[in-house]
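Please open the model in a viewer and keep the sequence panel visible. The tour below proceeds by selection.

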Amino acid sequence: MTRVSGSGTRTALTSSVLDSYIYGFTLQELSLPFTSSVGLEDVAGSILKRLPRDEFPHLAEMIADRALKPGYAYTEEFDVGLDLILDGLQRQRESRR
């Protein structure tokens, strides 16, 4: 794990990480080419058909086992990703003590 020295540098990097995640997630969500679960099924199904599964097995699995399941909502992924980031920042903070 890379350690960052200086509280100002840590604060700037923390802000940058959070800003990038929030902005990137929002931009991605606004750019998705569908607005309903039917649209998601069409797009994800089309990607899955053309995806070389031997090159991208985890992506293929995620699409088939997650994105194409009834009730999947991309928006709900935000909290999961934010928790991962916050956990990592907390571990970084604790390692400095």
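Select first the nine residues of the largest nonpolar core: Phe-34, Leu-40, Ala-44, Leu-48, Leu-51, Ala-60, Ile-63, Ala-67 and Tyr-72. Such a core is a set of buried Ala, Val, Leu, Ile, Met, Phe, Trp, Tyr and Cys residues joined through side-chain atoms within 4.5 Å, where buried denotes under 20% relative accessible area with a 1.4 Å probe, protein chains only. At least two residues of this core come from each of helix H2 (37–50) and helix H3 (57–67); helices are DSSP runs of H or I, at least four residues, numbered from the N terminus.

The model is predicted: local features need pLDDT of at least 70, side-chain atom pairs count only at pLDDT 80 or more, and totals for chains, interfaces and linings use all residues. Residues are numbered from 1 along each chain as its sequence is written, and side-chain values use heavy atoms, with hydrogens and water left out.

Centre next on Ile-63. Beyond its neighbours within four places in sequence, Ile-63 is in contact with Ala-44, Ile-47, Leu-48, Leu-51 and Leu-68, contact being heavy atoms within 4.5 Å.

Now select H2. Its buried residues, Gly-39, Leu-40, Ala-44, Gly-45 and Leu-48, pack against H3.

Finally, display H1 (residues 7–31) and H4 (residues 77–95), whose axes come within 11 Å and cross at roughly 170°. Axes are lines fitted to C-alpha atoms over the stretch in contact, with angles from 0 to 180 degrees between N-to-C directions. H1 and H4 are therefore roughly antiparallel, the term for angles over 145 degrees. Among the residues making the contact are Tyr-21 and Phe-25 of H1 and Phe-78 and Leu-82 of H4.

Notes:
Buried means under 20% relative accessible area, exposed over 50%, partly exposed in between (1.4 Å probe, protein chains only). Angles under 35 degrees count as roughly parallel, over 145 as roughly antiparallel, 65 to 115 as roughly perpendicular and the rest as oblique.
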